[in-house]
Amino acid sequence: MKHDYEISVGPIHPALKEPIMLRVTLEGEEIVDVDVIASQNHRGIEWIGMNRNNVIQSLYLAERICGICNFCHPSNLVMAIEEIADIEPPERAQYIRVIQGELERIHSHLLWAGVAAHELGFDTLLHYVWMVREKVMDVLEEVNGNRVTKAIIMYGGVRRDITERHVPKIRKMISYYREAFGKLAELFLEDDTIKKRTRNIGVLKKKDAIKLAAAGPTARASGVKKDVRQDFPYFAYPDFDIHAITPDELIGYTIGDVYDRIVVRLLEVKQSLEIIEEALNEMPSGEIIYEKKLVKLMAKIKNSEGEAVARYEAPRGEDIHYVMLKKGYEPLYSWKVRAPTYINILSWRPMLLGYQIADIPIIAASIDPCLSCTNRFAVVKNGEEKIMSGEYFHKLSVEKTRRIK
Amino acid sequence: MNIEETKQKFEEAGYETWITERIAGVRNRVVRKTLWIRVDKKKIRNAMQFFKNFAEQYPHFSIISCTDLGNVVELNYHFALGYGGRLEEFVITFKISLQKNDLRIDSIADIFPAIIYSEREIKEMMGIDVINIPDGRHMFLTKDFPSGIYPWRRDETGVKETNKLYERWKDEA
């Protein structure tokens, strides 16, 4: 006799870190159906950008769409606005943007590698990788004054220069990672346990990846040679010889499993180091911002009208913003943000079907999902669901303060 | 197939098209191009099928963006075509206008399966009736979100109470 079971992974689950829900149907240990339920929270960021904030405030808001990709989202917004308002950033700024983007890719990929190790139960490797990651975080702090939300990009350029003082530290970081790369590759790619848990697990075939519009390392690990930096370059990227990395470069063939996603990300760290090094060597001198006075800049943007689509190769995949400006209207008239996870969660279904419950964490983590933070949660009592909002908690908190006063 | 050939193909089929350009790069200056195509809402399925049939490569769907322009709601179906080669890709956007009193559009999820999340999103966020949508549940809003309120609208059905908490603090101060 056959029994079907349905289990829910999420809305909040230790394996997923962020709020999303997978409803998985099982036959024994085998996954036979998957439903992704994304509606666990919505922060209304686009609404704020379209109704409350002015364009400069929205830039800092865009930075907070995602803590890890805190350079990608503002970059996209900047690119769209620069296109509409016809702002040409100085050459040096375009190079600094490339360096910032690649520093972010290194830290994001290493963060992911640590999480992947943790999902496999290999916590010593998690701590080792995150220790190695600290080097790039130190450089980010040195260059930007902050490790995470860096507030570095501005319409028409960047806010802080990379000076002579910073260059030796960045070069030191590059040689540190070149040395560490061999050990990381050995730990991730030659370890028997990791191989057993990731080889032929969570396979996404090339044709599925194309059909489901997968982006970034998820698509490239399935053999789709797609990288915005190569296909539709922005900033100073046309100056660099960038190609989309697929796993066959290292191992000769592509399967499209979790292992291949590790290979692609490791190789991309190496690629980023090369880009940063070349950018430091070739960086032109000069101004870093088109207009220093924010009021003047705002006036120019406010008097512009039009629409634009901006695309950016974020560490997790292609990031897209659509922006429309109306003359005299201070906020963005229209703003649509598409983060890579939005499209990559479609690939979870083909990746999970046919595998086991124990594979869910590593398969789910293999696309490097990035969801947003929480502002409400659901309580299910006697089968009835009740949603509690941030406002409700605030009320409870105020009541408690009054009670204990 | 490059952007000019694609443009010509759509023009021959009777669509209004235009190209916008933007320069990138410092030492190596390149032109990034976007193709815009205006499509009548009745022809959306024809246009998408035509696009899929003649494209040499499976088109990469990006997102549907949606703007409330007063009496009209404008939909943009963003795609990219030509990945894999250096500087060979371009963005292609299909523009469709819907009258506010008839916000209906055919689903194209059977032609491009990746579009389903976006169709669910425009349904809940803008109140667009997507005809024959294979899965009409909420995507990002919770299932208890009040009906008849659409966060992306700029009319009386838009969100008004988002500021409630903030406004209350202001009153108390």
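**Figure 1. A:L352 is a buried residue of chain A in this predicted model.** The residue counts as buried because 22 C-beta neighbours fall inside 10 Å, and the cut-off is 20 or more. A:L352 belongs to helix 15 of chain A, residues 348–352. Beyond its neighbours within four places in sequence, A:L352 contacts A:I31, A:V34, A:I360 and A:I363. A:L204 is 148 residues away in sequence. In space, the C-alpha atoms of A:L352 and A:L204 are 9.1 Å apart.

**Figure 2. Helix 5 of chain A bends at A:K135.** The helix covers residues 123–144. The bend is about 25 degrees. At 1.5 Å a residue, the 22 residues of helix 5 should span 32 Å. The end C-alpha atoms are 30 Å apart, which agrees. Buried positions in helix 5 are A:L125, A:V129, A:R133, A:V136, A:V139, A:L140, A:V143 and A:N144. Their cover includes helix 4 (91–119) and helix 6 (167–189) of chain A. After helix 5 comes A:G145, with a positive phi near 85 degrees.

**Figure 3. Chain A combines 17 helices with ten strands.** Chain A has 405 residues, and 50% of them count as buried. Take the contacts in chain A between residues at least 6 apart in sequence: 67% of these join residues at least 24 apart. The mean pLDDT of chain A is 86. A pLDDT of 70 or more is reached by 88% of its residues. Residues 372–381 of chain A have pLDDT below 50. Beyond near neighbours in sequence, that stretch still has 22 contacts in the model. Where pLDDT is low, predicted coordinates should not be read in detail.

**Figure 4. Strands 1 and 2 of chain B form an antiparallel hairpin.** Strand 1 covers residues 16–24 of chain B, and strand 2 covers residues 30–38. Nine bridges join the two strands. B:E16 stands opposite B:R38 of strand 2. Five residues lie between the strands of this hairpin. In the hairpin, B:G25 has a positive phi near 95 degrees.

**Figure 5. Chain B meets chain A through 40 residues of its own.** They are in contact with 39 residues of chain A. On the chain B side, the elements giving two or more residues are strand 1, strand 2, strand 3 (60–68), strand 4 (72–81) and strand 5 (90–99). Strand 3 of chain B gives the most, with six residues. By residue class, the chain B side divides into 18 nonpolar, 14 polar and eight charged.

**Figure 6. Helix 3 of chain B is largely enclosed by the rest of the structure.** The helix covers residues 116–126, and eleven of its eleven residues are buried, so the description as largely enclosed follows. Nonpolar side chains are not alone here: the buried residues include B:E119, B:R120, B:E121, B:K123 and B:E124, which count as charged. Also buried are B:I116, B:Y117, B:S118, B:I122, B:M125 and B:M126. The buried residues of helix 3 pack against helix 14 (340–344) of chain A. They also pack against strand 3, strand 4 and strand 7 (129–131) of chain B. Just after helix 3, B:G127 has a positive phi of about 70 degrees.

Key: Residues numbered from 1 in each chain as written. Chains lettered and ligands numbered in written order. Predicted model: local features only at pLDDT ≥ 70, side-chain atom pairs only at ≥ 80, totals over all residues. Pairing = 2+ DSSP bridges. Helix = DSSP H or I, 4+ residues; strand = E, 2+ residues; numbered from the N terminus. Buried ≥ 20, exposed ≤ 12 C-beta atoms within 10 Å, placed from the backbone. Contact = placed C-beta atoms within 7 Å. Expected span 1.5 Å × (residues − 1). Bend = angle between axes of the 7 residues up to and from the residue. pLDDT = per-residue confidence, 0-100.
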